[in-house]
Amino acid sequence: MGLDLVDHRRGPADKYSWMPPFDWEIAYTNERWWDEVRYYADDPWFVQVLEDGVEVARIELDDPGGINPTYLNVPELGTDRLEIQLIEVAAASHNRGVGTRVVQALSRRHPGRRLFAYSEQADGFWARLGWEPFYDPGPGPAGHTLFIQPTVAPTLDSGSHVRHE
Ligand SMILES: CC(C)(COP(=O)(O)OP(=O)(O)OC[C@H]1O[C@@H](n2cnc3c(N)ncnc32)[C@H](O)[C@@H]1OP(=O)(O)O)[C@@H](O)C(=O)NCCC(=O)NCCS
């Protein structure tokens, strides 16, 4: 069954109270990622992912988002970059391919953009998608790995490739 991506933007609503109209009955492991009012953001952009009309994932995008200059060997992305600030699959829907399909659907919806994300302890997930990792070599605890969507999208479990640029 296909996924529907529904955008939620704040527009002229009160920035001190507006929250995206997610289905707050659905359980997530990281509830605190979603229940904080983004009063500090100029133009918060959320995406609600529905499968058969039921919410299965949430995304927060940052357009275009920032590349941390301390990461090594990062290609120049320019203004076509688009950051997946946060992505979470509903707790009941983990590990059945929803996260993979969500990122693929987002890639299809934004063919002219180069998506990237800082992994929140999900390096294996991004690597499994074929996204390339970049690291911050600085002192101190390792930072979040930066993953960038490849310019040629690898197809899972197949030798063939599909261009999406
Ligand atoms: C990470 C997350 C989005 C993955 O979604 P999902 O629907 O469970 O993932 P999929 O079923 O599509 O898994 C695809 C592959 O990634 C792997 N994977 C999934 N979550 C992973 C994680 N947290 N760390 C490492 N690998 C992971 C799976 O094992 C699977 O690999 P396999 O095919 O070799 O078995 C989901 O687990 C989630 O919402 N986690 C909590 C929030 C989070 O960590 N978000 C990431 C923010 S950067």
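In the predicted model, strands S3 (54-62) and S4 (81-89) pair in the antiparallel sense, with six bridges between them. Within this pairing, Asp-62 of the one strand stands opposite Glu-83 of the other. The loop between S3 and S4 holds Pro-64, and the peptide bond that leads from Asp-63 into Pro-64 is cis, with omega near 0°. Asn-73 is found in the loop between S3 and S4 as well. Asn-73 counts as exposed because it has 7 C-beta neighbours inside 10 Å, where 12 or fewer are required. Asp-136 is 63 residues away from Asn-73 along the chain, yet the C-alpha atoms of the two residues are separated by 9.8 Å.

Strand S3 also pairs with S2 (45-51). The pairing of S2 and S3 is antiparallel and extends over seven bridges. Val-49 stands opposite Ala-57 of S3. S2 and S3 form a hairpin with two residues between the strands, and in this hairpin Asp-52 takes a positive phi near 55°. Asp-52 is not a glycine, and its place is in the loop between S2 and S3. With 9 other C-beta atoms within 10 Å, Asp-52 is exposed. A second residue other than glycine with a positive phi is Asn-95, for which the value is near 60°. Asn-95 belongs to the loop that lies between S4 and helix H1 (98-109). The surroundings of Asn-95 amount to 7 other C-beta atoms within 10 Å, so this residue is exposed.

On the far side of that loop, helix H1 includes Val-103. Val-103 counts as buried because 21 C-beta neighbours lie inside 10 Å, the threshold being 20 or more. Between Val-103 and Trp-45 there is a separation of 58 residues in sequence and of 16 Å in space, taken from C-alpha to C-alpha.

Helix H1 is part of a right-handed β-α-β unit, which it makes together with S4 and S5. The two strands of the unit, S4 and S5, run parallel and are joined by three bridges. Glu-83, which stands opposite Asp-62 in the pairing of S3 and S4, has Phe-116 as its bridge partner in S5. Strand S5 comprises residues 114-118, and five of its five residues are buried. In a regular strand, side chains alternate between the two faces of the sheet. In S5 both faces are covered, with Arg-114, Phe-116 and Tyr-118 buried on one side and Leu-115 and Ala-117 buried on the other. S5 is further joined to S7 (residues 146-148) by three bridges, and these two strands run antiparallel. Here Tyr-118 stands opposite Leu-146 of S7.

The ligand is surrounded by 20 residues, of which Gly-99, Thr-100, Glu-120, Ala-122 and Gly-124 come nearest. Elements that each supply at least two residues of this shell are S4, H1 and helix H2 (123-128). By residue class, the shell around the ligand divides into ten polar, six nonpolar and four charged residues.

For the chain as a whole, the secondary structure comes to nine strands and two helices. In sequence order these elements follow the pattern β-β-β-β-α-β-α-β-β-β-β. The radius of gyration is 16 Å, which agrees with the value near 15 Å that a compact globule of 165 residues would have. The C-alpha trace spans about 40 × 40 × 30 Å along its principal axes. Of the 165 residues, 20% count as buried. Among contacts between residues at least 6 apart in sequence, 60% join residues that are at least 24 apart.

Key
Residues are numbered from 1 along each chain as its sequence is written. This is a predicted model: local features need pLDDT of at least 70, side-chain atom pairs count only at pLDDT 80 or more; totals for chains, interfaces and linings use all residues. Helices (H or I, at least four residues) and strands (E, at least two) are DSSP runs, numbered from the N terminus. A residue is near a molecule or strand if its C-beta atom, placed from the backbone, lies within 6 Å of it. Ala, Val, Leu, Ile, Met, Phe, Trp, Tyr, Cys and Pro count as nonpolar, Asp, Glu, Lys and Arg as charged, and the others, Gly among them, as polar. Two strands pair if DSSP finds at least two bridges between them. A crossover is right-handed if, with the strands pointing away from the viewer, the path from the first strand over the helix to the second runs clockwise. The radius of gyration is taken over C-alpha atoms; the globule rule is 2.2 Å times the number of residues to the power 0.38. Two residues are in contact if their C-beta atoms, placed from the backbone, lie within 7 Å.
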